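This report concerns the fold of one protein chain and the surroundings of its ligand. Please keep the sequence and the model in view while reading.

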Amino acid sequence: MKLKCAFMHKRIAVAELELDDATGMIQKVNTIYAPEHFPVGVTVKRGVADRAAFNEWWTDRSIPASRSGIREALETLEIANTKMLLVRCYGLSLSDQYWICPEGSDLTWDTINFFYNDFSEDIGDVLFGAAKKTDAFNFSSPDNTSDGNLKKRWKIINGKRYLVKGGSSPFRQQPLNEVIASGIMDRLGIPHIPYQVVWEQGVPYSLCKDFVTEDLDLVPAWRILKTQKKSNHVSVYQHFIDCCRELGIDGAVPFLDRMIVLDYLIANEDRHFNNFGVLREAETLKWIGFAPIYDSGSSLGYDKMPAQIRSGQDITCKPFKKHHEEQLKLVSDFSWIDFERLKDVDSLIEEVLTAEGTEAYMDETRVQAIKESARRRTDHLSRLAKTQMPAQEDSTNDDVQENIAAAYHFAKPDHQ
Ligand SMILES: Nc1ncnc2c1ncn2[C@@H]1O[C@H](COP(=O)(O)OP(=O)(O)OP(=O)(O)O)[C@@H](O)[C@H]1O
Ligand SMILES: [Mg+2]
């Protein structure tokens, strides 16, 4: 069976679609009304949309198969796959303005968007382990379109939308790391999303406000990277800069300088291309600029033992180079860093990692190892800032393979 619907961008009809109602895949793109409103990286050539790219975008919009607890949740909901969840909430999200309007329905963006209309708690409850209900589930929830591996849900608190996100076993450090990363970015004047920690039944979660409004789209860097074909001799970093320039997105170099420096300081291991992005105005398609930095929790040795944290070995680096030291070489300007402001990062780390409740997950040795390694990295950066010459043309040496960058839809579950 096919499901006919209009593909919508806020109030603008982009195209007529046919979806397979068993798999949720886009089977056909019929009449195209507004080719320029297709998602970034999905091209329309001579009136024909690139359906493979469109399906990749659509799949990326669903909860990844690697999300913690997703198999159990699908079983409870009696739904075959996460793409069908997407169809059940009309593809609506709290990070952009795309949705699908079934043929013959009188739905409008104004009455169903989640930015100012309420949404159901049902899907969030199930994703957080709730059992079957006696009455039917209400599938209208932005949780059906949330990305990432960690357990998460959207909540309306005092009329505002917040993302609640857990950490992984055994240390559950990611929510605490988000607060530390926010504190470091405060000190360095790097635009970022503030996070706080909330505790539920002895488990820490991070809480951050939706930074996208009803007028905006968050366009992940992964989409931007897809707008041009990369030549083999061009580095991933240079390719990304070129894509931004072609699209008319300003400020890539200073933004990346700041992100790379932060990620070095906190030894971030998961800054893939879906963990940063650019904001644009949905109706006019005007670029606003890089989104404030979010999702910095997979850092500070979050899954490592103290000895490993101390050694500083085996730290993964993304999105451009496999090693942080190599990635740092891409930074063209360090003059904005006020190292004086980083003097109390030790106490910031101590304060966050020893707050009430953390004793169930952290011990003194771990906290000390994290403090020490952060101090060492700051000292190294401060020396480098005095000696490193502005970046020369980048080569493909040590480049991250492109398929690793956003591949979690194919990844095995690694979070408990
Ligand atoms: N405050 C926010 N406002 C709007 N959208 C957000 C916000 N925080 C996150 N998002 C969106 O939700 C997605 C998932 O969130 P996040 O990256 O924090 O989760 P994660 O599970 O840590 O991801 P990963 O698998 O990369 O570790 C982000 O990629 C982004 O598109
Ligand atoms: Mg993420």
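The overall form comes first, then the sheets, the ligand shell and some backbone features.

**Basis of the report**

The model is predicted: local features are given where pLDDT is at least 70 and side-chain atom pairs count only at pLDDT 80 or more, whereas totals for chains, interfaces and linings use all residues. Residues are numbered from 1 along each chain as its sequence is written, and chains are lettered from A and ligands numbered from 1 in the order in which they are written.

**Overall form**

The chain holds 13 helices and 13 strands. Both kinds of element are DSSP runs numbered from the N terminus, helices being H or I over at least four residues and strands E over at least two. The chain is as compact as a globular protein of 416 residues, because its radius of gyration of 22 Å is close to the 22 Å given by the globule rule. That radius is taken over C-alpha atoms, and the rule is 2.2 Å times the number of residues to the power 0.38. The C-alpha trace spans about 65 × 50 × 35 Å along its principal axes.

Of the 416 residues, 43% are buried. A residue is called buried if 20 or more other C-beta atoms lie within 10 Å of its own, exposed if 12 or fewer do, and partly exposed in between, with C-beta atoms placed from the backbone. Contacts are counted where two such C-beta atoms lie within 7 Å. Among contacts between residues at least 6 apart in sequence, 64% join residues at least 24 apart.

**The four-stranded sheet**

One open sheet has four strands in the order β7-β8-β10-β9, with antiparallel pairing. Strands are said to pair if DSSP finds at least two bridges between them. At the edges stand β7 (152-157) and β9 (196-200), each of which pairs on one side only. From one strand to the next the twist averages 35°. Axes here are lines fitted to C-alpha atoms, for helices over the stretch in contact, and angles run from 0 to 180 degrees between N-to-C directions.

Strand β10 (residues 203-209) runs antiparallel to β9 and is joined to it by five bridges. Within this pairing, Trp-199 stands opposite Pro-204 in β10. Helix α6 (residues 174-188) packs on the sheet and touches β8 (160-165), β9 and β10, its direction making about 45° with that of β10. The hairpin of β9 and β10 has two residues between the strands, and Gln-201 takes a positive phi near 50° there. β10 also pairs with β8, in the antiparallel sense, over four bridges. In that pairing, Val-164 has Leu-207 of β10 as its bridge partner.

**The three-stranded sheet**

A further open sheet is formed by three strands in the order β11-β12-β13, again with antiparallel pairing. Its edge strands, β11 (216-220) and β13, each pair on one side only. The twist averages 25° from one strand to the next. Five bridges link β11 with β12 in the antiparallel sense, and Leu-216 has Glu-281 as its bridge partner in β12.

**The ligand shell**

Which residues come nearest to ligand 1? They are Ser-95, Gly-148, Asn-149, Leu-150 and Asp-295, out of 25 residues around the ligand. A residue belongs to these surroundings if its C-beta atom, placed from the backbone, lies within 6 Å of the molecule. The shell comprises 10 nonpolar, eight polar and seven charged residues. In this division Ala, Val, Leu, Ile, Met, Phe, Trp, Tyr, Cys and Pro count as nonpolar, Asp, Glu, Lys and Arg as charged, and the others, Gly among them, as polar. Strands β8 and β10 of the four-stranded sheet each supply at least two residues of the shell.

**Backbone features in loops**

Most residues other than glycine have a negative phi, and most peptide bonds are trans. The table lists cis peptide bonds and positive phi values found in loops.

| Feature | Value | Loop |
|---|---|---|
| Ser-169 to Pro-170, cis | omega near 0° | Pro-170 between β8 and α6 |
| Lys-318 to Pro-319, cis | omega about 5° | Pro-319 between α10 (306-311) and α11 (324-328) |
| Leu-285, positive phi | phi near 65° | between β12 (277-281) and β13 (287-290) |
| Asp-314, positive phi | phi near 55° | between α10 and α11 |

Leu-285 counts as partly exposed because it has 13 C-beta neighbours inside 10 Å. Asp-314, with 9 other C-beta atoms within 10 Å, is exposed.
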